Amino acid sequence: MSTTTVKKPVRTGKYTWNGAMITRTVASYGVALLMFFPIFFMILTSFKTELQAIAVPSLWIFEPTLENYTEVQERSDYFSFAWNSVVTSVGSTILGLMIATPAAYSMAFNPTKQTKNILMWMLSTKMMPAVGALIPIYLLCQKLGLLDNVFALIIIFTLMNLPIMVWMLYTNFKEIPSEILEASRMDGATLWEEFRYVLLPLAMGGLASTGLLCLVLSWNEAFWVLNLTSANAGTLASLVASYSSPEGLFWSKLSAVSVLAIAPIVIFGWFSQKQLVQGLTFGAVK
Amino acid sequence: MQSSSAGNRFVPRLLLSPAVATLLLWMLVPLGMTLYFSAIRYNLMSPELTGFVGWANYEFFVTNPAFTDAVLNTLVLLGSTVFITVAFGLAIAMLINDPFPGQSFVRILLISPFFVMPTVNALLWKHMMMNPIYGVLAQVWTFFGLEPVNWLQDLPLFSVILMLSWQWMPFACLIFITSLQSMDREQLEASDLDGATYLQKFRYLYLPHMARAITVVIMIEVIFLLSVFAEIFTTTNGGPGTQSTNLAYLIYNEALVNFDVGSASAGAMFAIILANIVAFFLIRIVGKNLD
């Protein structure tokens with residue numbers, strides 16, 4: 001291919017080091033570090049004292065302190081907020097998959113003229129600002145005694161993510177040839193057997209990535225949490241918000257609580273990113 | 001035969017019904033209440049005033065000078081962020097597509113902002129990046145001998161767009177990378193032999209291949225960016241003036257700052273109409289790529 005190259009490229013392992021390759025590598029690292037920089041800076045700030053945090057120029061080398069983290073834990077019980085985050089995101093993911101999977105199955109393998117319209121209608125409900133529904137939902141929760149309640153949050157998160165889940169699962173299921181399902185039906189499999197032994201193994205990737213995305217979205221949801229909960233059902237989003245009120249005076253404490261709030265989901269995201277993206281592009285990659 | 005075909009239709013409908021029913025409830029109950037509130041006098045500050053007012057709330061909301069600004073800001077916010085994330089996402093995906101040492105490490109760094117919760121994103125940028133005195137950007141500007149920018153005061157809408165792009169660009173980028181990995185190698189090699197330029201390859205090979213991935217990204221981003229709230233609420237509070245107020249924030253402002261539920265409900269009805277208009281065009285434009 002590159003017979004016209006004048007300089008002989010250096011080969012180390014599987015990479016061929018020529019000018020283009022070096023430029024490409026350097027540029028890639030540059031972009032990635034730039035994107036990650038704000039998070040890195042926040043982690044750094046969380047280990048500074050409040051005075052060091054607002055030093056100009058910013059300090060890069062300093063003696064790290066853990067006092068912000070201990071103070072956050074003393075002032076507010078981190079683990080009870082974290083537990084609420086786990087319960088609401090996992091709960092809404094499971095409930096969402098239970099409702100979305102049959103719907104997506106029905107749409108993908110028994111499409112009617114209305115299927116596309118139903119799907120688009122579902123997605124359009126997701127485009128409306130949540131704030132439009134806030135007062136009605138608030139009043140309903142008040143009537144039902146569900147304010148500041150974890151169960152109410154699970155239901156709301158589920159409904160919030162349902163359109164995306166149905167759509168993702170639908171596009172995933174559509175890639176599965178329906179002949180396989182028909183064959184199992186011919187062999188007398190019940191609907192449950194067909195789902196459990198034929199569809200599930202084939203759709204595992206799609207289900208996993210749908211669940212992962214739902215988990216991330218629920219973990220990061222702030223609007224309903226801030227408006228419907230206080231001490232009992234508050235998630236990490238409300239913990240962060242409670243540190244933001246004294247207008248940015250305490251950067252390192254704010255950083256520490258932010259790092260604590262995002263660390264679980266970011267690390268989780270690092271491990272599952274391939275799975276997450278693969279499910280989203282299932283139909284796109286052919 | 002008759003019964004079996006009826007059964008064929010019944011079971012799929014039964015499976016579909018929980019999702020449709022719950023979403024219908026989720027939509028119709030608030031919608032019904034919102035419709036009702038939008039036609040009555042309902043101000044939390046003056047509960048003694050009640051009664052049917054017809055279209056007065058709608059008139060009040062639309063004649064509010066902030067309304068036009070809010071609609072425009074909503075669309076600018078949506079359009080710019082989608083454009084920036086897709087354009088830069090494509091460029092970066094093309095950049096890091098071919099293997100180089102540490103490629104998966106670079107991927108991990110790149111995707112990280114997508115997992116950061118919007119409240120943290122907003123606070124992080126507002127204070128540590130964009131603060132006009134202590135912020136990192138101010139230091140960079142000073143380093144180059146420039147006057148530091150007061151981002152949230154002077155460029156409020158742009159600042160919000162920047163935060164949103166930081167969050168969503170990684171998402172776009174990773175979808176594009178995954179899509180690029182399934183490019184037909186032989187086709188690319190053949191085009192190399194025919195002496196195709198990089199731009200020609202991009203235009204005639206890469207872009208058509210990624211059409212669906214781009215559609216997926218636009219679709220998901222529109223869904224989330226039409227009703228941006230946390231980023232605005234945490235940073236600019238819609239200001240200065242109405243410069244960074246979008247429709248969602250304006251409704252919030254009416255309901256929970258001015259306590260005028262009637263007018264906020266009328267605003268919510270406009271937001272629903274806007275969402276449906278956007279959904280309509282979205283389906284026309286990108287729907288064919290979604291099959």
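Helices here are DSSP runs of H or I at least four residues long, and strands are runs of E of at least two. Keep that handy, and remember that this is a predicted model.

**Exercise 1. Work out how much of residues 71–282 of chain B is helix and how much is strand, and how far apart the ends lie.**

Start with the record: an unreviewed UniProt entry lists this stretch of chain B as "domain: ABC transmembrane type-1". Next, look at the secondary structure, which comes to 76% helix and 0% strand. Finally, take the C-alpha atoms at the two ends; they sit 17 Å apart.

**Exercise 2. Pick out some "transmembrane region" spans in both chains and describe them.**

For chain A, the unreviewed UniProt entry gives spans that include 150–170 and 250–271. Residues 150–170 of chain A are 100% helix and 0% strand, with 29 Å between the end C-alpha atoms. Residues 250–271 of chain A come out at 95% helix and 0% strand, and their end C-alpha atoms are 32 Å apart.

Now chain B, where the unreviewed UniProt entry has 157–177 and 210–230 among its spans. Residues 157–177 of chain B are 100% helix and 0% strand, end to end 29 Å between C-alpha atoms. For residues 210–230 of chain B, the figures are 81% helix, 0% strand and 31 Å.

**Exercise 3. Find how chain A is divided into domains, and what each domain brings to the contact.**

Chain A splits into domain 1 (10–70) and domain 2 (73–280). The contact uses 13 residues of domain 1 of chain A and 14 residues of domain 2 of chain A. As for spacing, the C-alpha centres of the two domains of chain A are 32 Å apart.

**Exercise 4. Decide for each of A:Asn84, A:Asp148 and A:Gly188: buried or exposed?**

The cut-offs come first: under 20% relative accessible area is buried, and over 50% is exposed.

- A:Asn84 belongs to helix α4 (residues 78–109) of chain A. Its relative accessible area is 8%, so A:Asn84 is buried. Beyond its neighbours within four places in sequence, A:Asn84 touches A:Val150, A:Asn232, A:Ala233, A:Gly234 and A:Thr235.
- A:Asp148 sits in the loop between α6 (130–143) and α7 (150–174) of chain A. With 16% relative accessibility, A:Asp148 is buried too. Check its backbone as well: phi is near 55°, a positive value in a residue other than glycine.
- A:Gly188 lies in the loop between α8 (178–186) and α9 (191–220) of chain A. At 51% relative accessibility, A:Gly188 is exposed. Its C-alpha is 43 Å from that of A:Ser85, a residue 103 places away in sequence.

**Exercise 5. Say what the buried residues of α4(B) pack against.**

First list some buried residues: helix α4 (residues 103–115) of chain B has, among them, B:Val106, B:Arg107, B:Leu110 and B:Phe114. Then follow their partners. On the chain A side these are α1, α9 and α12 (251–280), and within chain B they are α3 and α8.

**Exercise 6. Describe the second largest pocket: its space, its lining and which helices supply that lining.**

The space is about 590 Å³. Of its 20 lining residues, those closest to the centre are A:Leu34, A:Met35, B:Trp125, B:Leu162 and B:Trp166. Sorting the lining by type gives 19 nonpolar, one polar and no charged. Last, the helices: α1 (19–46) of chain A and α3 (65–95), α5 (118–129), α6 (136–143) and α8 (156–180) of chain B each supply at least two lining residues.

Terms used
Residues are numbered from 1 along each chain as its sequence is written. Chains are lettered from A and ligands numbered from 1 in the order in which they are written. This is a predicted model: local features need pLDDT of at least 70, side-chain atom pairs count only at pLDDT 80 or more; totals for chains, interfaces and linings use all residues. Side-chain values use heavy atoms; hydrogens and water are left out. UniProt positions are given in the numbering used here, feature names are shortened, and annotations may be inferred rather than shown by experiment. Buried means under 20% relative accessible area, exposed over 50%, partly exposed in between (1.4 Å probe, protein chains only). On a 1 Å grid over the protein atoms alone, a cavity is a set of points where a 1.4 Å probe fits but cannot get out, and a pocket is an open set with protein on both sides within 12 Å along at least five of seven lines; lining residues have an atom within 4 Å of a point. Grid points are joined across faces, edges and corners, and a volume is the space filled by probe spheres set on the points. Ala, Val, Leu, Ile, Met, Phe, Trp, Tyr, Cys and Pro count as nonpolar, Asp, Glu, Lys and Arg as charged, and the others, Gly among them, as polar. Contact means heavy atoms within 4.5 Å. Domain bounds come from an automatic or database domain assignment.
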